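Here's a walk through a few strands, a helix and a cavity. Have the model open and follow along.

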Amino acid sequence: MSHRTMDWLMLLGCVLLWPGLALAEVGSFTRCNDHFYRDAEPRGFDTNNTAEICQRYSNLYHFATLYDRPQRIPRWSAYTLGNPNCPGQAQKRSQWFVEPQLVHPDESPEMATEAESTLSLDEWRSSQAINEDYEDTSYNRGHLNPNAFQCNDNHIATFTLTNAVPMDPYFNRVHWSKLEKTLKAQLTGSCRNAGGKPYLVTGAVPGDTEKIPIEGEDKEGDRNWPYNRVSVPSHIWTAVCCDHGDNNRKFSFAFIGENKEVSSLQIIPVEQLNTELSRLYKTPGPVEVFADDCGSKSQKGQEVLSAMKKALYNTFQILLTDPYSQLVKRSKLDRETSQVMTSQTLDQKKMQLTGIGFRVDISRLADGHGHFEKTYEQDNVAPAVARLARAADDSELYIRVTAPGWPCVEEFCGYQGYAYSWCYTSKNNDWNYCCTENCTVNPASKLYQCPRGDGSTIQCSPQYSTMTVSGKVCRADHPCGLYEEKYFWCYIDYKDNWDYCCSPQHNCGTHGYGYQWCYIQDPEKSWEFCTMRITPW
């Protein structure tokens, strides 16, 4: 009997004696080594509770994933860049695949939907995330191996929950999406089309506390399945390696970003990423994503990074310095705060940033509204809930609110198969139109209108203030607006109590009378008594 045969018999005996060991030994990477640079898997990430998965769909292996069972998220997925030109690929699925082999080692290694299997929900829940875990949450199912990087069966295979983590929707659809789009273009031109082969590893660092489903997000309160199952990652990262026969054309670099709306995104060398991931994952030994770091110091890599910086500068309108500096350095100010603080019409010397808003010194109260009206029109100061961000080609507008002002549910505004921009506004598939440009006043009708993307316009609601006529503060997620009424108003709490707001075209003042008042409707019709307080944001 050979030593190899004896080793296998000993391993089999261990599996029979300790069933828990079988769970840790599910699968191997022997059938998908071609997705690793130099056939070497990333080192330092595995534990007794991780499973190695060669992702199989339609009897073919498409990429590799190291899956963390207790956290129910992948630690990383390793893949190569597919054909860059493959139109007509589905952008999402209602039911994602799951992995039967994670439930029982003797189950099929082919990914399947929950409905395609005879396994029970409790069996699925025992080893991995399932579709219901993402229902009624504020998180997206974020791909590690991006579906946009693959075609046909490779594309479909990315829609497995063993390749997904809970991502903040703004981080996923704005920050990370733009990085992926820029990265795909650069790797296609500088590596794939230049005779190289792009290898990528994208990973997620399990968070310390938050897990979904979150009990507080169950709006209906009628869930009868477990909460707090799937770890929300603290960071998402991608390491890139362009392997080439000519070592002068080989290069690598890495991205890492915090999985939150106001995110700090960095571009760093692969060896620096190794050190950072060892700290974040709290690994007992060193981490190595790529063998020999894949030419991380090559001149070609610096050229590609320079091109990416330029593209990302145009995307984010930010200042970048050297290739290893922080890529998107967001200050403690949010996007709207930054816009106001860089206004060309407000006197910066007379403005102070306060804890909850802005205080602007003006010489006369009568001048105040004129300043703010001009700022609203010229500086395009967006409302806090709109969270606008231009895409790289300035053709997409990522917006979270509909034209009437109601927030989108889960998805951003977009065309999504129609000639106009829209989004769902409830889990019951209620929807409404979205603006594709700013909501502005029609000079003829004095009403607020915006284009909806198909050549038509729709009435819309500006969101411009957080203060009501009586001096109450609007709810954080509901600034002053029309919200399908003829007058301006906002909710002041979560019990549906509300109050009127002054029109953005008419400030609170005496206006020739012995009391303070303002119009609450445009054109100038209905009015209300008001409290003199100028707090436009």
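Let's start with a hairpin: E2 and E3 are joined with 4 residues between them, and arginine 72 in that turn has a positive phi of about 60°. This is a predicted model, so local features need pLDDT of at least 70, side-chain atom pairs count only at pLDDT 80 or more, and totals for chains, interfaces and linings use all residues. Residues are numbered from 1 along each chain as its sequence is written, and side-chain values use heavy atoms, with hydrogens and water left out. The labels are DSSP runs numbered from the N terminus: helices (H or I) have at least four residues, strands (E) at least two.

**Around E3**

E3 covers residues 73-80, and 8 of its 8 residues are buried (buried is under 20% relative accessible area, exposed over 50%, partly exposed in between, with a 1.4 Å probe and protein chains only). E3 has E2 (residues 60-68) as an antiparallel neighbour, with 5 bridges, and alanine 64 sits opposite alanine 78. E6 (residues 197-205) is also antiparallel to E3, again through 5 bridges; there, serine 77 faces threonine 202. To count as a pair, two strands need at least two bridges found by DSSP.

**Helix H6**

H6 takes in residues 169-190. Its 22 residues should span 32 Å at 1.5 Å a residue, and the end C-alpha atoms are 30 Å apart, which agrees (the expected span is 1.5 Å times one less than the number of residues). There's a bend of about 40° at serine 177, taken as the angle between axes fitted to the seven residues ending there and the seven starting there. H6 is mostly covered, with 17 of its 22 residues buried. At its start, a side-chain oxygen of aspartate 168 comes within 2.9 Å of the backbone nitrogen of tyrosine 170.

**The cavities**

The structure has 3 cavities of 30 Å³ or more. The largest holds about 70 Å³ of space. On a 1 Å grid over the protein atoms alone, a cavity is a set of points where a 1.4 Å probe fits but cannot get out, and lining residues have an atom within 4 Å of a point. Which elements give two or more residues to the lining of the largest cavity? They are H6 and E6, and H6 gives the most, with 4 residues. Among the lining residues are Tyr79, Trp176, Thr202 and Phe255.

**Strand E20 and its partners**

E20 (residues 448-451) has Tyr448 and Cys450 on a covered face, with Gln449 and Pro451 on an uncovered one. In a regular strand, side chains alternate between the two faces of the sheet. Glutamine 449 is the bridge partner of threonine 440 and also of glutamine 459 in E21. Here are the two antiparallel pairings:

| Strand paired with E20 | Bridges | Residues between the strands | Positive phi in the hairpin |
|---|---|---|---|
| E19 (residues 440-441) | 2 | 6 | lysine 446, near 65° |
| E21 (residues 457-459) | 3 | 5 | glycine 453, about 105° |

**Glutamine 101**

One last stop is glutamine 101, found in helix H3 (residues 100-103). Its relative accessibility is 7%, so glutamine 101 counts as buried. The side chain of glutamine 101 makes a polar contact with the side chain of glutamate 99 at 3.1 Å. A polar contact is a pair of N or O atoms within 3.5 Å; within protein, one must be able to donate a hydrogen and the other to accept it, and residues adjacent in sequence count only if both atoms are side-chain atoms.

Technical notes. On a 1 Å grid over the protein atoms alone, a cavity is a set of points where a 1.4 Å probe fits but cannot get out, and a pocket is an open set with protein on both sides within 12 Å along at least five of seven lines; lining residues have an atom within 4 Å of a point. Grid points are joined across faces, edges and corners, and a volume is the space filled by probe spheres set on the points.
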